[in-house]
Structures are given as structure tokens and as C-alpha cells.
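Q: Could you take a close look at one part of this model for me, the place where two neighbouring chains meet? I'd like one connected walk through it.

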There are 6 protein chains.
Amino acid sequence: MGVVVTNIKRTDKKVVDAFAEGKYGVATVHEAQGRKGLLAPEISPIYKGAYVAGTAVTISAPPCDNWMIHVAVEQCEPGDVLVLAPTSYSDAGYFGDLLATSLKARGVKGLIIDAGVRDTKDLTEMGFPVWSKCIFSQGTVKETLGSVNIPVVCAGAHVNPGDLIIADDDGVVVVAQDEAADVLKKSQEREANEESKRQRLAAGELGLEIYKMRERLAEKGLKYIDQKDYQKS
Amino acid sequence: MGVVVTNIKRTDKKVVDAFAEGKYGVATVHEAQGRKGLLAPEISPIYKGAYVAGTAVTISAPPCDNWMIHVAVEQCEPGDVLVLAPTSYSDAGYFGDLLATSLKARGVKGLIIDAGVRDTKDLTEMGFPVWSKCIFSQGTVKETLGSVNIPVVCAGAHVNPGDLIIADDDGVVVVAQDEAADVLKKSQEREANEESKRQRLAAGELGLEIYKMRERLAEKGLKYIDQKDYQKS
Amino acid sequence: MGVVVTNIKRTDKKVVDAFAEGKYGVATVHEAQGRKGLLAPEISPIYKGAYVAGTAVTISAPPCDNWMIHVAVEQCEPGDVLVLAPTSYSDAGYFGDLLATSLKARGVKGLIIDAGVRDTKDLTEMGFPVWSKCIFSQGTVKETLGSVNIPVVCAGAHVNPGDLIIADDDGVVVVAQDEAADVLKKSQEREANEESKRQRLAAGELGLEIYKMRERLAEKGLKYIDQKDYQKS
Amino acid sequence: MGVVVTNIKRTDKKVVDAFAEGKYGVATVHEAQGRKGLLAPEISPIYKGAYVAGTAVTISAPPCDNWMIHVAVEQCEPGDVLVLAPTSYSDAGYFGDLLATSLKARGVKGLIIDAGVRDTKDLTEMGFPVWSKCIFSQGTVKETLGSVNIPVVCAGAHVNPGDLIIADDDGVVVVAQDEAADVLKKSQEREANEESKRQRLAAGELGLEIYKMRERLAEKGLKYIDQKDYQKS
Amino acid sequence: MGVVVTNIKRTDKKVVDAFAEGKYGVATVHEAQGRKGLLAPEISPIYKGAYVAGTAVTISAPPCDNWMIHVAVEQCEPGDVLVLAPTSYSDAGYFGDLLATSLKARGVKGLIIDAGVRDTKDLTEMGFPVWSKCIFSQGTVKETLGSVNIPVVCAGAHVNPGDLIIADDDGVVVVAQDEAADVLKKSQEREANEESKRQRLAAGELGLEIYKMRERLAEKGLKYIDQKDYQKS
Amino acid sequence: MGVVVTNIKRTDKKVVDAFAEGKYGVATVHEAQGRKGLLAPEISPIYKGAYVAGTAVTISAPPCDNWMIHVAVEQCEPGDVLVLAPTSYSDAGYFGDLLATSLKARGVKGLIIDAGVRDTKDLTEMGFPVWSKCIFSQGTVKETLGSVNIPVVCAGAHVNPGDLIIADDDGVVVVAQDEAADVLKKSQEREANEESKRQRLAAGELGLEIYKMRERLAEKGLKYIDQKDYQKS
């Protein structure tokens, strides 16, 4: 504890920008990278409609102590997303509109926090998105050191500084820095593939046909039975 | 497991349409049918303002396996509502925008699921309402059979295929198929009765008077005491 | 149980009005009064954007029994906020649009309830704000007495009748009646102070500088280390 | 509400006795009947080591109102197990040592309750087992009717009066009355089959071999890789 | 914050000793004092079989900071029970075997804590009972002041210093200092009354008769119906 | 997914044995290694009194699918502890007495699982300790591959294969393989230091004196005030 790692390597800006432009959703990215990296479903946005793709600046903070956020601000660059993991359960409101003002001034895109947030009306009006475990006005102290830009486990997911963070209405997913370019490609392919499926389904075709599921279902033993016969059995 | 019941009997279309037209809310319907049939309060809509009255197509699905949704789509008719109950706790995202596209093409009105859902931004934009336990991008597999149109317990409520489902901002209530006509009548009466009460209350009359509660309260022993005297005691 | 305390003393109207005008948020008021009086984070608004400052009329109600709300209505005056604490855990829907109509007719500003609420679509359209533990259509009975205007513990906070209640998107805070004037003054000062900070932070100044944190961080042992050196260790 | 169904048909006593003698555990019975009928994992025993096989007398009780337990006692026969499902969430302590004394005098084997219980030290000393959602001294009232021996949903499982209830340290499972004989046979077979497996496993044989899993694992694509090679990739 | 109130008035020692001798359980005391004062059911003993009746020394502690326990030890006298309420949610382990050794040396009977505890095997072997929200080894810091012997809300119950605390396998109840003598008398009466009921129930008499419930049940509309007739309806 | 890493490097056996002999508790080890590595408090032992120090064989398993446990058994050596992390939330019972028989035959010391377990009575009688999120008889399938001996996040903690696992009544802590020798030394020192403290505290000395806290408390502003004076203020 008590370490600030400086000059971190970040995910390639072109890759991050391509995600931000395509707005590949959390569900898409999660599938594209082989179903890993999701934060727990308790983490939800304070308002709907936000989309963020950015590079992680990580904070390992003591419970109910937000001192390290002030330290982390200085380490942020435009395009970053702050990711805060407390070292023990906390629902305290680590973050409010003053810190958001400061982060916004530095070009930070949003905050992911496995704890509480407050001033949510102000944050909504400012358009500074936060994904948090809860909304709670209970404040914090500035007494104990934590660390900045060390690896953390945030809401059950491993996040390294510089990793790519994608967040939308569905929640948050982290993409490892050295896999981001590959995941981008797969996300693009996935989107393209889904678009053709979407049109066929919209036209009334069945997934059972499109995905050729009937044979495998029958093999597994699926039986169709008329309700009249079912009720007799 | 592994049964698809076909040609199910559904709640009378005229009754369903009368509910849909009157937009009798979940609270009203629940009271009208004698305070039963509510799904647990964890089940909430992914967006506000939707109202659905439709007939249940039920799915009993393995945890984290959405294969049976594809099977169920084929069993759906216009006016149906899909009701999915996992056989074990799951917060996985069984459902997203592709399945919604397919259901919408068949005239399905919405989904009730005691598990997770994803692509919620897309679902909101499409206007396909979902009532779920959570929002989570964690996907599912297609490995194990479940059943379609068998009786299920969904979020604590017993649902038979063909039953009437009512869902709004307050949650979800199920009405047994053979009670639906009677519940419609009682819902209409209840609404009419409430309207007159609403006007009297809006004019400043007290419920204590309208419902003639004073005598029974006194019988039970209710005492009024001035704050000055209360603080002395 | 079974007591209605009448003629309660309320927080000075001028003070309440000053809060209502300034819209001092829950987080601000909570800090201004020394970080106490917050209700638990489970208590959240049924819709976003509401702000209430009013005087508490308290209800201690049996679980799943809303009889006392009808009794409490008569004790309400314009500017009051109803605060209901069940004597045992309950997620039942104690409150709906009829009671809201009645309260609105008497000038009541909102409801705080450590239990459930229903008819939330109607309440939203009426503009009657409720902060509750959950939304649930399961109704209540009218069988057992409770009390009105006695001290209660609501969602972990002690509330006396006549206390000042502040509620917004962040949740709810209670201010003791005899401290309200002092807390108003401190809230005003806090807001003024924050405004100047906000401008400096928006201009890109660091909190580390504004709050002069560097020295104390160093004293505690905070170390900065380049990522290349960190990875070697 | 307000119905007591009398002279219920119960699961065949010989079948119940065979379960009680064989002490077929909840996990075994659950598997034997095709993985259905389990109550939710929140339901746990107040003390370890109890085993119960008995016939259900069901109670649908209002939240925080234990009046119907007194009514149900009269309907109980030796070998019964009481199953209480509240109509709305309740953690109240519906049950204590006096009711247990009364039930024990009638030959009732235990209580399953999706709510709270109290006097647990006395119940433990009496050897009256209870499986409950929680332990809580908060008592109940006797104001509102419920029903006895109607079908209920208890902790997510459908229970009909007369059904077989099996409960042990793992939790509770319900077996439909007309399936009990068949489930007994399958439980006995399962136990016999497991015993031979147990001996082979205890001797060091691998499940991979006994269950012949290697081929199917390989088909699915499972790969073995030495740690040195894995770290390079 | 930051106040230690000294020379607190405690509940009369004779009354406390009478509770300790009679071992009046939490459920009994809770009923005897009119169903109030219970701590939430999340608070449970780390081992079974302990019974404590003692006088409260209260601690209001910052989240995850146990400094004030050291301060409180000095304020304890033989027969006290420590009651710790964090000012914000915390599951940290505030307390272990060293602090227990210290408290035991001063004659303190146990700890009630709305947070976590650790070293539970040692505490069990020492026979120092703790009622806590959870067991967790995550430690605390000693950075921020709290207060000792001020009124606190602990797990939903209001506790004043010097109040009587009763704790057993069922949980914890607090009795106001000036009501303790009266509650003792009522607990004794209740126990005596229950003993005669217990004997009648053990002999097979029905509560329906002993409590003369039949008439009131009929008035409320309770109906008995044979299962054969019920199934036809 | 679908990888089994073989020939993993394990924590030095002498170090593991020294932990096992000294029975350094989870709280001690957690402090000794700088307050990191704890699994979440939901993970608790199925019976009290067990202590385990062993080397991790890790499993990343699909939700509700225990196939990989069979695969992992083959990778286990005497002294190992199995650590299972599902890739999505699951409360299913992955593990029962047959698998425990197999693991015991290979010298495995216990199981840590962020999911459910069943056959707990048998496991207790066998003396095979399990630390789990819950006890639940709901079984699993064998349909989908996972991986063995890859890094996992289990109940919020990062576990690498071969890491040291310590588990007791308080929960579970993981020690990184290359820090284990150092943590052993610090645990031994900590225990020695605590023993002297324990004797002084048992003799009635105050922690305030032993740890010389008075000065720092006064600096922070702690005030002592007689109750009579406090009540006037």
C-alpha cells in the first residue's frame, strides 16, 4: 500500500477510439473476448444512455477513504476511465460533483467504482457517467494511504492499469491491454454477423432454422407433445 | 425435462384485450383477484412506462442456458408474453436484442424472466419491454434441454401456460386462465369505485371519514394525546 | 402502540423554506451537520429529479398494515413529509395513488418509507415523490394499531416528529429540529465554499494543490514509482 | 383465504417410513426425482444433524401473523411435517417452544418455514427440528385469516398437502404424493449404485476413468499443456 | 464525534443480576417489553449456547476503524456489554482475541457489533461471546475518532449507554434503563404463565381451546371444507 | 477455456508444512502479509474447527457445471487444496461426498468454492472440510468445458495455481507462492509478539497504555466529558 505507479502503458489510442466510435456494447465485447472480464451485475450506471470506452487508471482504496482519488487525478490523461476498488466492502459515497469537475477538466471519461457515489443529480446534469454499486451520501475520510495504478480486483474482475474499459447501460467489461486490438476485430465481425441475423429474424425466420438447432435438440431427446396428451400423462 | 407442450389453451382473447385497453395496473389486478399471483419485487422493468397484458408461454430453463428460448419462439403467437423460470438461481443474461427482434416479429409483447437480460439500451430503443431480476451481460450456453409450456414457479408465483400476465412499472402479476374473465370484471368495478374515492380525497375529505374508520380504531384502543402531555409521561 | 401524538412542534417554517429554496442536497446537508442522520442507501426515489425539504410526521406501523397512514393524514399540515417505519421488516406496498391524492390535498410534500410502495406510474404522473425500500404491489391490511408522531428508527436513522427531512436523488437525511437553523447556516457556507473550489477545479487546478495534500501524503509514506521500475520489483 | 381443508390424502405411510429408515438425503432424493422440488438455499436447519421424512400439512399465512399455525395443529397427525409459506415476505418469528410442544404432542416431526423462528435454544434442547429463512425474536399477531392445506409456493417450491417432505443438513426437498413410491425406488437404486462408486474412488480410481469421460472431454476440445509452455503463450 | 462520556449511569445491578440468573430469553424479554428493542436478525452469535445480560457501553465507530474499542475498554466495568455501531456499513473484523482478553480481564460479558469479528475459534475457546453481522478477517485501522457512551442506533435499535442488553441464540434485545425493573417483573410473569401452558400443550390440549380462538376465527369467516369437496370447487 | 495446465509449480512444501504445524490463523496470516488476499466473508466453513494450509489447484468452471472437478482431481497431489471459481454466479451444489472420497484418496486437504456444496452431513462425518458460499442440493451438469490451473478470481481474491491457501473458522486467505516464506516468518513473529501482549492484557493492563495511544488521541481532539455535563449540552 502507498504506491503510485507513474507513466503507465495504456491501450493503443487508435483501438480505444475505434471502440468509442463503434459503440460496441458491453455484451458484444464480452462475447467477442471469449466471455470474460465482466464486472459483477451490482455495478450499474447512475443514469441511462451513457457509453464509455477508455483506459483504466486504477485505485486500490481503503474502505470509506477517498484520499487516493485526489492522488489519482494527477495521473489521469484525456481518454482515461477511473476504476476504484476498495480493499474491504464499502457503500460509502467516495465521489461527488467536485471530483467530477476536476476529472472532467482533465478529459477523464467516467468512473467505475465498487462502492457508493453521491451528488448524482449534479453528475447527471454535468454528463459525467458513473457506474457504481450504490448511491449513498455517506462521505469518506482522508486518513489512510492506498495505491494508484496497481492491479486490482474490482467487482470480481481483474483490472490492470492501462486496460481498456467499456461501459454502457448493461454494466462494465474490462479488456486486457494486449488483447484489445484482437477484441476490436472480433467485436466488429460479431456486429456485422449479427446485423444479417437481425434482418432475417425481423422478417420472421426462426432461430431454430437459422442456427440449424432442430437436429441437435432431437438428439438430446427434446419431445413435442400436444397439450391434450400432456395433461393425460 | 425436455418437453415442449404444443397447442396450449390460452386466456380468452377478448378478456386479454379488455385488460390491454383498460390498462388495469398490477396493483389493481392483484387486489381484484384476492391478493394473489404477484411475482417477487426483485422483478422490475428495464425501462419505465411499459404496460403489458398477454398470455403466458412458459419456459423452464437450466441455469445459464438459453437454448429453450429459441425453441419457445416457435410456440409463440401474437399477444403472448414469454415467462422464463430457471431451474436454479441464475443472474446470467439469457436475452438480448436478437431474440427480441425475433419475438417482436411474431407479435410477442414482452418477456418476464427470473434471471438477467442484456442489450438493454437496444431493447429500450426497440420498445420491447422486459421485466427481469437483473441486467447482466454474462451470456449463456446452449447445452442442456429444458421445457416449454409446462407449469413453472417464476419469482415465487405459479404460472401455467396460457395464463394472463399483467406487467407495469410496479412489477408483474399472473391471473389464472379460468379466473381471468372474473378478475376483469372485478378490476373494472374496482377502478370505478376508486375514481369516486379519488375525487373526494382530492377535495380534502379524510379516509378516516370515507371509510368510517374512527369507531373501529377507538375499539382497538387508539388514543390521542397532546405532545405536551406525551412528553411528561 | 396505539398512540397518536397531536399538536407536535415542528422545525421553524422559515428554516424549512430556506432549505427548499436553496435546494441544499442530501450530501451537502449530511456533511454540514457532521456526517449523521442519513437513512440507509436502500431507500431510493421512485423517480429522479425530485427534491423535498419538509417536516416529519412519523408513523410506527405494524408489518404489512397501513391503517396508521389513514390516521396520520389527519395530523398532517402543509409542508409536512410522512415518514413510515415498520416495526418489523416488510416489503409490502403500503402506499398508492389514493393515499397520495389525500396527502397532496393537505399539502404534504412526499413520503419516506422503509417498506414498499405501489401505483408508481400514477405517483410519478401526479408528481408525488416517494423514497422507498422497494416497489411492490403486494397490499396491506388494516387490522393492528401502530402509532403516529412518536420517535422512530427509519432505515437506521432516528427520526423525531417535527424534524427536518431533506430528500433528493441521493437519498434521505434527517436533521434534528433544534439543530436545523445551525445546519442551514453551515449548508449555506459549505455551498459558497464549494463554488469557489468548483471553479478552480474546472480550470484544471489539482485538489492535491488546492487542499495542500502533498506534504501529509509524503509523511504517511506515499511513494511514486515509474511503471518500469515497479514491474521489476 | 380463510379455508381449512380437512381429511387430506397423505403420501403412503409405508413409503414415508422407508425414506425415514433409509435416511435418503435431500441431495439423493432431489437427483432421484429428476432434479426438481428443492426449496431455496436460504432455508436452513436451526441445528445440525436432524433428518426428517414426513407428510406436508401446509399453511398459507399472512405476513407476521401466526394465527393459522394454531388452526393447523388440529389438522396434524403423527408423521406430519408443517410447511408454512407467508403470502408476503416476512422475517418474523412465527414459531417458538410452546407451539413446538403442542406439535410434538401430536407426533409432528418438524417445521419448514419461509420466515423466522425463535426460542431456538429451547427447540434444540427439545429436539424439534426447524428449517427456516432466519432466526428472529420479532413476534407475530393473530389478526388475519390464512388457509390450511391448500397448495402453496414455499421458498420457490410448489407444495401440495400430503406431499412428502425430506429435510436434512443440506436443506429441504418436496416429493409429489403420487411420485413418492417411484422416487423411493430410484433413491434406493441411486444409493446402491453410489456405494460401489464410493469404494472404487476411495481406492484411488479416477472418476475420469469410472465415468469414461476422457473421450467426450477431448471431443469438446479440452487441451493439456505443461505450465512452462502455458506461460510462454 | 470524538467524545467519551464518563461516569455513565447504568441499569440497577440487582435487576441485571435477576435477568442473568433467570436466563429470560430474548424472545421472552422482547414480548414482555411490548415488542420493541430488537436488533435486526443479521446479528447472530459466533457460537451457540451463550446467554448474556449486561449493561451497555456504547461505541460509535468510523467504518473499518477500531480505535475507539481501545478507548472504550477503559470505560468498562464488570457486568458491562460492549455495543459497537459503525457510522457507515462495514463488514470489517473490528475485534479479535487480544481485545477479548482485555475485556475479559475487566469483567465484560460480551460484545454486540453491527460489523465483523475475527479469531472466532479463539473467542469460542475463551468463552467470550460475540453477536455480530458477519465473521471476517479483514482488519481495521486506528486513524479516525469516534465516540464512546453516546446514544447509538445499532442494527436498527436505539441503544443508550447503561441500557440493559440481553443476548442469546435468538439474537439481541435492548431494554431501556428506566424500564428494566418493570420488564423484569413482566418477564417473570410471562415465564410463569408459559410454564402452565406448556404442560397443557404437552398433554395434547389444543391452543385453539386453551386460547379460546374458535369463536373469533369463525367470526372472521374461517371455513372448514373436506378435501373432496374442495377439489370439486 | 478448455485448458488444463499440468506440472504446476507449488509453494515450497516446507513452508506449507510450517503453516500447517503452527496453525497460524487466517486473521494472523492476512495481517502478516499486509492485509491482502482475503476471500469475501460469504465464504464460510461447513463445519467449525477445521484448519487447512495447502497448495492451490484452481478450477475455472462454468456456472452449474462440475465437470472440471473430475478433470482437476487427476492434477491433485497430497497437500493440495482445490479452489473453484465459477465464471458466473452460481449457488448450485457442485460438490458432494463422492468427489470428497476421491480427493481424500489423493491426499487433498479441502475445497474452497465460490458456489454451493451438498452432502454436508457426510462431508462432516468424513472430516473433509469445505469453505463455500452456500449449502444447496441443486446439482450440476457435465456439458461445458472450463479450465484447470489457470489464474482465477475466487470470491474477490486473485488465486494462482500453486499459491498457498490458509482456511479456518474465520474464512480463507491466499498467499502468493513467492511470498509464502516471507509471510511465514512474519506470521511467526506476529504470534510471538501477540503472546506477550496477551499476557499483559489478561493481567488488566490497558491497550491505551501498551500501545501508547493517549497522546495521539488527544492530538486528534478526543474529549472526555462527565455524563452530567454531557446531558446539559
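A: Quick ground rule before we dig in: a salt bridge here is a side-chain nitrogen of Lys or Arg within 4 Å of a carboxyl oxygen of Asp or Glu. Keep in mind that this is a predicted model. Let's go to the interface of chain B and chain C, where the rule finds 4 salt bridges. One of them pairs B:R198 with C:D97, and their closest N and O atoms sit 2.8 Å apart. There are also 18 residue pairs in polar contact between chain B and chain C, counting pairs with both residues at pLDDT 80 or more. On the chain B side, the elements giving two or more residues include α2 (26–32), α8 (214–220) and β12 (223–226), while α6(B) gives the most, with 5 residues. By class, that side of chain B splits into 17 nonpolar, 6 polar and 14 charged residues.

Now the backbone: β12(B) runs parallel to strand β1 (residues 3–6) of chain C, and 4 bridges join them. In that pairing, B:I225 stands opposite C:V5.

As for the whole contact, 37 residues come from chain B and 41 residues from chain C. Together they bury about 3,400 Å², with carbon and sulfur atoms giving 57% of that. Within chain B, the residues losing the most area to chain C are B:P41, B:D170 and B:Q227, together 17% of what that side buries.

And how do the two chains relate? A turn of 120° with a shift of 0.0 Å along the axis lays chain B on chain C with an RMSD of 0.0 Å, which is the relation of a three-fold axis.

Key: Residues numbered from 1 in each chain as written. Chains lettered and ligands numbered in written order. Predicted model: local features only at pLDDT ≥ 70, side-chain atom pairs only at ≥ 80, totals over all residues. Heavy atoms only, no water. Least-squares fit on C-alpha atoms with pLDDT ≥ 70 in both. Contact = heavy atoms within 4.5 Å. Buried area = accessible area lost by both parts, 1.4 Å probe. Polar contact = N/O pair within 3.5 Å; in protein donor to acceptor, adjacent residues only side chain to side chain. Nonpolar A, V, L, I, M, F, W, Y, C, P; charged D, E, K, R; others polar. Pairing = 2+ DSSP bridges.
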